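Work through the following exercises with the sequence and the model open beside you. Try each task before you read its solution.

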Amino acid sequence: MKPTASDLLQAASAIREDIVADRRQLHQHPEVGAHLPETAAYVKRRLTELGYEPREICDSGIVATITGEDTGRCILLRADMDALKITDKTDLPFKSENGSMHACGHDMHAAMLLGAAKLLRQFQSALKGTVKLVFQPDEEGFTGAKAMLKAGVLENPKVDMGLALHVNSGTPSGLLLCGRGVCMAGCTLFRIVVRGTGCHGAMPENGVDPLNIAAHIHLSLQEITSREIAARQPAVVTIGRLYGGEAPNIIPQEAVLEGTIRTMDRELSARILERIRDIAEGTARLFRGTAEVTELASAPPLKNDIPTVERFAAYGKELFGERSVVLYDEGGMGSEDFASYTYDVPCGYLLLGAGTAQEDPAFGKPMHNECVVFNEDVLERGAALHAWCALCALSDEA
């Protein structure tokens with residue numbers, strides 16, 4: 001028999017200390033990128049302690065399943081686990097000391113899914129199908145989801161729908177935001193390598209200055225969004241890194257620009273990348289140098305399936321109350337590599353409020369900020385929501 005929403009909330013409250021302990025352990029020992037050996041080992045150990053048989057289907061990509069009644073139905077619950085190369089400057093007693101930081105809340109996500117794993121074990125007899133728990137590396141670098149998909153995460157058993165939660169700093173604690181349709185931008189990471197001819201800074205006529213070329217390229221790229229794309233069509237081109245040279249009196253051999261393209265349309269992103277290539281190569285040639293443009297990684301626009309996300313929103317209202325859930329139709333320009341799943345199966349990607357400065361001055365800092373602090377009170381809500389959505393969705397389909 002399926003538990004009531006009250007039953008599930010009480011069960012989640014009872015394991016709060018376990019979820020918080022998992023979160024703090026992960027927060028203190030963050031790892032960056034696609035290879036997360038300590039994080040993966042910890043998650044596998046905790047799943048094993050809960051009676052699961054976790055498998056690593058790609059580097060640091062973990063999958064575990066739980067089945068109640070085998071109906072052939074399967075829902076995927078996904079959490080990311082990677083951190084950012086940011087120094088933790090919070091005052092938390094469990095702050096990271098290794099030069100990396102969970103400044104995007106992925107430690108919260110992994111802990112919530114471990115909590116859901118425990119709840120699902122408790123209510124396994126009520127499951128009308130299979131839940132696939134997915135712990136993924138390298139969301140930040142946009143390679144993790146693609147690696148998991150390539151490794152067959154949607155097969156054996158075949159996944160029918162997917163759910164991911166992301167905590168959101170600056171949103172009231174516990175408020176659930178559910179975007180319909182395309183609700184997050186796609187993102188393409190790119191690099192431009194500009195090559196010139198190094199020489200003494202006193203005699204620039206003897207060389208070709210790649211820093212000068214890079215500066216002209218940087219300025220010229222702004223023309224794409226201001227003059228080539230309709231004002232009503234969202235698009236952002238950002239250069240976040242520009243470097244070259246090692247001494248103030250030497251013109252270097254090369255300079256590098258790295259940046260992102262963000263749009264709500266995959267074809268537009270591809271067109272912008274081609275224009276970046278045209279502008280970079282043409283500008284470099286104009287100033288006697290060369291430029292090479294490389295796509296580093298990408299995630300498509302995130303496309304929430306409307307019936308699926310409305311279903312998850314309804315489950316959220318059952319669990320937390322009508323006023324705790326907001327459905328919206330226009331998203332922002334942030335990006336998320338869970339988007340890659342949304343083109344293969346119907347998915348819902350939901351945001352869970354994790355605190356505002358009005359609640360506590362420690363909360364509300366921007367995501368990816370070295371001082372961001374998330375409200376741990378939402379951990380049990382996230383765990384409960386994962387488990388409740390799985391129980392309800394499988395029961396409804398059955």
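## Exercise 1: The overall form

Task: Decide what the radius of gyration of the protein says when it is set against the value for a compact globule.

Solution: The structure is a predicted model, and the comparison starts from its 398 residues, for which a compact globule would have a radius of gyration near 21 Å. The protein has 23 Å, which agrees with that expectation. As a next step, consider the extent of the C-alpha trace, which spans about 80 × 45 × 40 Å along the principal axes. The secondary structure that fills this outline comes to nine helices and 16 strands. Finally, look at how the chain meets itself: among contacts between residues at least 6 apart in sequence, 81% join residues at least 24 apart.

## Exercise 2: Surface and charge

Task: Find how much area the protein exposes and what share of it carbon and sulfur atoms supply.

Solution: The exposed area is about 16,700 Å², and carbon and sulfur atoms supply 49% of it. Turning from area to residues, buried residues make up 54% of the 398 in the protein. For the charges, take the 39 positive and the 54 negative ones separately and find the mean position of each set; these two mean positions are 2 Å apart.

## Exercise 3: The nonpolar cores

Task: Identify which residues of the largest nonpolar core touch the most other members.

Solution: Begin with a general expectation, which is that in soluble globular proteins nonpolar side chains tend to be buried together. In this model the largest nonpolar core has 74 residues, and those that touch the most other members are Leu 47, Leu 120, Val 131, Leu 133 and Phe 135. The largest share of this core, twelve residues, comes from helix 9, which covers residues 379-397. Apart from this core lies another, of 25 residues, among them Val 208, Ile 217, Ala 280 and Val 293.

To see the surroundings of one member, follow Leu 120 and set aside its neighbours within four places in sequence; its contacts then include Tyr 52, Ile 66, Leu 77, Val 131 and Leu 133, and also Ala 387, Ala 390 and Leu 391.

## Exercise 4: Buried or exposed?

Task: Sort Gly 240, Leu 351 and Phe 312 into buried or exposed, and then describe what each one touches.

Solution: Gly 240 lies in strand 10, residues 235-243. Its relative accessibility is 70%, and because exposed means over 50%, Gly 240 counts as exposed. Beyond its neighbours within four places in sequence, Gly 240 is in contact with Glu 258 and Gly 259.

Leu 351 belongs to strand 16, residues 347-353. Here the relative accessible area is 15%, and since buried means under 20%, Leu 351 is buried. With neighbours within four places again left aside, Leu 351 is in contact with His 166, Asn 168, Leu 175, Leu 176, Leu 177 and Tyr 328.

Phe 312 sits in helix 8, residues 306-320, and at 0% relative accessibility it counts as buried. Not counting residues up to four places away in sequence, Phe 312 touches Ile 75, Met 161, Gly 162, Leu 163, Gly 348, Leu 350 and Cys 389. The C-alpha atoms of Phe 312 and Trp 388 are 9.3 Å apart, although 76 residues separate the two along the chain.

## Exercise 5: Backbone exceptions

Task: Explain what sets apart the backbone at Asn 156, at the bond from Asn 156 to Pro 157 and at Phe 142.

Solution: The rule to hold in mind is that most residues other than glycine have a negative phi, and most peptide bonds are trans. Asn 156 is not a glycine, yet its phi is positive, at about 50°. The peptide bond from Asn 156 to Pro 157 is cis, with omega near 0°. Asn 156 is placed in the loop between helix 5 and strand 5, and with a relative accessible area of 68% it is exposed.

Phe 142 also has a positive phi, near 65°, and is found in the loop between strand 4 and helix 5. At 7% relative accessibility Phe 142 counts as buried. One of the residues that touch Phe 142 is Ala 299, which is located in strand 13, residues 290-299, and is buried with a relative accessible area of 4%.

Definitions and conventions: Residues are numbered from 1 along each chain as its sequence is written. Side-chain values use heavy atoms; hydrogens and water are left out. Helices (H or I, at least four residues) and strands (E, at least two) are DSSP runs, numbered from the N terminus. The radius of gyration is taken over C-alpha atoms; the globule rule is 2.2 Å times the number of residues to the power 0.38. Buried means under 20% relative accessible area, exposed over 50%, partly exposed in between (1.4 Å probe, protein chains only). Contact means heavy atoms within 4.5 Å. Accessible areas come from the Shrake-Rupley method with a 1.4 Å probe; for residues, only the protein chains shown count as cover. Lys and Arg count as positive and Asp and Glu as negative; His and the chain ends are not counted. The place of a charge is taken as NZ of Lys, CZ of Arg, CG of Asp or CD of Glu. A nonpolar core is a set of buried Ala, Val, Leu, Ile, Met, Phe, Trp, Tyr and Cys residues joined through side-chain atoms within 4.5 Å.
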